[in-house]
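Biologist: Before we look at individual residues, could you take me through the strands and the nonpolar cores of this model, one step at a time?

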Amino acid sequence: MKLKLLFLAFLVLSTSAIVEKSPVTIYMIGDSTMANRNLKNPKNKERGWGMMLGSFFPFDKVVVSNHAASGRSTKSFINEKRWARVVALIKPGDYVFIQFGHNDEKKENPKLYTEPGGTFDDNLRKFVNETRAKGGIPVLFNSIVRRKFCQDAAGQFTDSLLDTHGEYLLSPKRVAEELNVPFIDMNKMTHDLVCQMGPEKSKELYMWAGKKDDTHLNIKGSRVFAGMAIDAVGKKIPELGKYIRHFDYVVATDGSGDFFTLDEALKAIPAKTKCKVLVRTGQYGPKPEIKNKLIKITEDEGVTYEPCLESSTNKK
């Protein structure tokens, strides 16, 4: 009997240790401003800020699972069963980051449109309540700002931005207060940054290379916005905040960094610049020589490099 009890106690302790070591997952639901982008065309520079979030955490502590999808509103995300698939995955202690608004605003499209203070709020409540029913932790965000600068009487751009979201910015905050959910005012953070940068410099954050897109982010913009978002989350949720890490540059084969290869990163970093570079898990080409000793390279577990080919000189 004593042996049986000891075995059961050992089993419980072993299981607890395994659970404690398992990373928590952040599930992300939202629209194109958060979503992963298709990189079949390697020249595609568009990224959702959620695509960049994984680099801010050690992979053995926090895993990011991005389910945000382009062109979706809260209504279509639910009706297409996307939300049901996410709910089925949530485990106790996981997080769900919720950010909608851009497409809920489209009154001309009945498949997308929801009403702030009405159906939009109801859908946000659904996400929150069903996350909690699975033991998850919901976090509500409002939409990132559109880069729409006001113009004066002479047609010149001012340093002020037009409010293109209206009441849709207030719904996430209202539901968060009602249901005691952490709320991240992403619109204010991004609004203040874009205003500070001004009409010209702020183009560096959006898809202004070859087209004029004031809604969607490029690589730099998505990394900057992701960093702002997760720092705000860390202040409200210390359990996540203790794991947050920052790097000046990120290398990732899946497009979730500034560069696809370490060689690209080293060539882009100005000479004699002191910086920290993260290389995310993946297989890379031959590892380049790091001549700048001020560059600190951190490699996630699972980083591998192809062996360097012997030069013709060495072969002779």
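Biologist: Which order do the strands of the open sheet of three strands have?

Modeller: This is a predicted model, and in its open three-stranded sheet the pairing is parallel. The edge strands are β10 (249-251) and β13 (295-299), each of which pairs on one side only, and the twist averages 20° from one strand to the next. With those two strands at the edges, the order is β10-β11-β13.

Biologist: Which residue in β11 stands opposite Tyr249?

Modeller: Strand β11 covers residues 275-279 and runs parallel to β10, to which three bridges join it. Within β11, the residue that stands opposite Tyr249 is Val277.

Biologist: Why is β3 described as largely enclosed by the rest of the structure?

Modeller: Tyr95, Phe97 and Gln99 point one way from β3, whereas Val96 and Ile98 point the other way, and all are buried. The strand is therefore largely enclosed by the rest of the structure, the number of its residues that are buried being five of the five.

Biologist: What is the handedness of the crossover from β3 to β4?

Modeller: β3 pairs with β4 in the parallel sense over five bridges, and the bridge partner of Ile98 in β4 is Leu140. Between these two strands the chain passes through helix α4 (residues 119-133), and this β-α-β crossover is right-handed.

Biologist: And in β3, which residue is the bridge partner of Tyr27?

Modeller: β1 and β3 run parallel and are joined by five bridges. In β3, the bridge partner of Tyr27 is Val96.

Biologist: Which element gives the most residues to the largest nonpolar core?

Modeller: That core has 39 residues, of which Trp49, Phe97, Phe141, Phe225 and Leu240 touch the most other members. The elements that give two or more residues to it are β1 (24-30), β3 (95-99), β4 (137-141), α6 (186-201) and α7 (219-236). The one that gives the most, with seven residues, is α7.

Biologist: Which residue in β9 stands opposite Tyr206?

Modeller: Strand β8 (residues 206-207) pairs with β9 in the antiparallel sense over two bridges, and in their hairpin, which has five residues between the strands, Gly210 takes a positive phi near 85°. β9 (residues 213-217) is largely enclosed by the rest of the structure, because five of its five residues are buried. Among the contacts of Trp49, beyond four places away in sequence, are Phe141, Phe225 and Leu217. In β9, the residue opposite Tyr206 is Leu217.

Technical notes. Residues numbered from 1 in each chain as written. Predicted model: local features only at pLDDT ≥ 70, side-chain atom pairs only at ≥ 80, totals over all residues. Heavy atoms only, no water. Buried < 20%, exposed > 50% of the residue type's maximum accessible area, 1.4 Å probe, protein only. Helix = DSSP H or I, 4+ residues; strand = E, 2+ residues; numbered from the N terminus. Pairing = 2+ DSSP bridges. Core = buried A, V, L, I, M, F, W, Y, C linked by side-chain atoms within 4.5 Å. Contact = heavy atoms within 4.5 Å. Axes fitted to C-alpha atoms, helices over the stretch in contact; angles between N-to-C directions. Right-handed = clockwise from strand over helix to strand, strands pointing away.
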